[in-house]
Amino acid sequence: MIYKRSSSLFLEAEKVIPGGVNSPVRAFKAVGGTPIFVEKAKGAYLYDEDGNQLIDYINSWGPMILGHAFKPVVDAVIEKAKKGTSFGMPTEIETKIAELAVSMVPNIDKIRFVNSGTEACMSAVRLARGFTNKDKIIKFAGCYHGHSDSFLIQAGSGAVTFGSPNSPGVTKGTAKDTLLAKYNDLDNVKALIEANKNEIACIIIEPVAGNMGCIPPKKGFLEGLRTLCDANDILLIFDEVMTGFRLAKGGAQELYNIKADIVCFGKVIGGGLPVGAFAARNEIMNYLAPLGPVYQAGTLSGNPLAMAAGLAMLTTLNTDTEVFNRLAQKTEYLHKGIAKVLNKLNITHTINRVGSMISVHFSETEVVDFDTAAKGNNNTFKNFFHGMLNNGVYIAPSAFETWFITDALTYEDLDNTILACENVFK
Ligand SMILES: *Cc1c(COP(=O)(O)O)cnc(C)c1O
């Protein structure tokens, strides 16, 4: 395929935008080459600026669960835009989407809308700290909760239990309040809690990890966290920015039948417009301004276009009772097809899948946490990425990303994807 126009657009962009992109992973640093500029998208397909058609497995990193330019969402946004795009005053549609979200998700009474997943997680942690009157948080290595300072932390060295900044600009002061745990390792979490008695406000986790490739929670892991939190007055925060309204109507809480104390949303909840949200039971949410002392605000929060898109999306997911089954079936079909090809061609791999999240790790071992995810063969991944692209399939340009399956994919698209995989490695 030819990417002439994309390449020249990228050169122009690099002059005025750092790295030519507004979010780093888009720059293809992990796989090499030049990013592809999108002209438009419809259903399961992207159309780039050079006129190539690609089957899309990123789907805007999740929001396009029903396909691109999904008609009910587009229509809702157009109709709303005609009536003004922002007021900074309450609108009825905010209550409508809040009522719907609260009815779909277990164990929440109230929800507050923000503009991104980053904001949702940042605010959820502030609320947890305010509510518990404690400072420290536990996060898991390899989990991503947006780019706010408290989360840009890596494991500290040696005997110290607190983290250290993994980006310049994050202060040591901030880092000392974030403790790093190993995903799927309850004993590790227990030890951190023991070493920081009565200091931990919350544990924040992706209930299915999606930002180190897809990694499912081991049986009993989430239950174990729930028990540890209850025993130590720690709030359990499920970051469902990726899993919310994707794995089930009620997200991972519903799928695994575990109640979190605070739940964060993003991606699907905005139908492709910038929306995030966090939600909890009344006792916790009433701690938020203007009812309570924990401050949180946003000029464009609850923006009418964003709410219209989100409401149209959630309404469809709430009424189409088969959608999550269909998504899971398509993902399973893809899993089996790719596994068959890779096995036949003797390519070492591990495929992880939960619902409509799937990733191919080119790894010899099971992938259960960040360390095992990092052992994957990155050269094989690079070849895979560029090979798939040349065969008309766009997967995320990093081995540490999940593929997002959309309901717009047909079984023919899936067969073509499996065939592309065979073409790459044979
Ligand atoms: C994408 C993501 C975020 C950040 O959301 P943004 O909208 O990019 O700020 C947070 N948590 C998880 C689990 C995510 O996948």
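A polar contact here is a pair of N or O atoms within 3.5 Å. Keep that cut-off in mind, please. The model I am showing is predicted.

Let's start at the ligand. Tyrosine 144 offers a backbone N or O atom that lies 3.1 Å from a ligand nitrogen. That distance falls within 3.5 Å, so the pair can be called a polar contact. Next, asparagine 211. An N or O atom in the side chain of asparagine 211 is 3.1 Å from an oxygen atom of the ligand. Then aspartate 239. A polar side-chain atom of aspartate 239 lies 2.6 Å from a nitrogen atom of the ligand.

How much of the ligand does the protein cover? On its own, the ligand has 380 Å² of accessible area, and the protein covers 83% of that.

Who else surrounds the ligand? The residues around the ligand include Ser116, Gly117 and Thr118. Tyr144, His145 and Gly146 are also among them. So are Glu206, Val241, Met242 and Lys267. By class, this shell has three nonpolar, six polar and three charged residues.

Now the sheets. One open sheet has seven strands, with mixed pairing. Its order is β4-β12-β11-β10-β9-β5-β8. Which strands sit at the edges? They are β4, residues 110-114, and β8, residues 178-181. Each of these two pairs on one side only. From one strand to the next, the twist averages 20°.

Look at the β8 end. Strand β5, residues 136-140, runs parallel to β8, and four bridges join the two. Within that pair, phenylalanine 140 stands opposite alanine 181 of β8.

A helix packs on this sheet: α4, residues 117-132. Helix α4 touches β4, β5, β9, β10, β11 and β12. The direction of α4 makes about 165° with that of β11.

On to another sheet. This open sheet has three strands, in the order β13-β14-β16. Pairing here is antiparallel. The edge strands are β13, at 350-354, and β16, at 403-404. Strand β14 covers residues 357-361, and two bridges pair β14 with β16. Isoleucine 358 stands opposite tryptophan 403 in β16.

This sheet has a helix across it as well. Helix α11, residues 323-344, lies across β13, β14 and β16. What angle does α11 make with β13? About 175°.

Two backbone details to finish. Most residues other than glycine have a negative phi, and most peptide bonds are trans. Against that background, look at two loops.

First, the loop between β3, residues 53-56, and α2, residues 71-81: alanine 69 lies there. Alanine 69 has a positive phi, near 50°.

Second, the loop between α9, residues 282-285, and α10, residues 304-319: that is where proline 290 lies. Is the peptide bond joining alanine 289 and proline 290 cis or trans? That bond is cis, with omega about 10°.

How values were computed: Residues are numbered from 1 along each chain as its sequence is written. This is a predicted model: local features need pLDDT of at least 70, side-chain atom pairs count only at pLDDT 80 or more; totals for chains, interfaces and linings use all residues. Side-chain values use heavy atoms; hydrogens and water are left out. A residue is near a molecule or strand if one of its heavy atoms lies within 4 Å of it. A polar contact is a pair of N or O atoms within 3.5 Å; within protein, one must be able to donate a hydrogen and the other to accept it, and residues adjacent in sequence count only if both atoms are side-chain atoms. Accessible areas come from the Shrake-Rupley method with a 1.4 Å probe; for residues, only the protein chains shown count as cover. Ala, Val, Leu, Ile, Met, Phe, Trp, Tyr, Cys and Pro count as nonpolar, Asp, Glu, Lys and Arg as charged, and the others, Gly among them, as polar. Two strands pair if DSSP finds at least two bridges between them. Contact means heavy atoms within 4.5 Å. Axes are lines fitted to C-alpha atoms, for helices over the stretch in contact, and angles run from 0 to 180 degrees between N-to-C directions.
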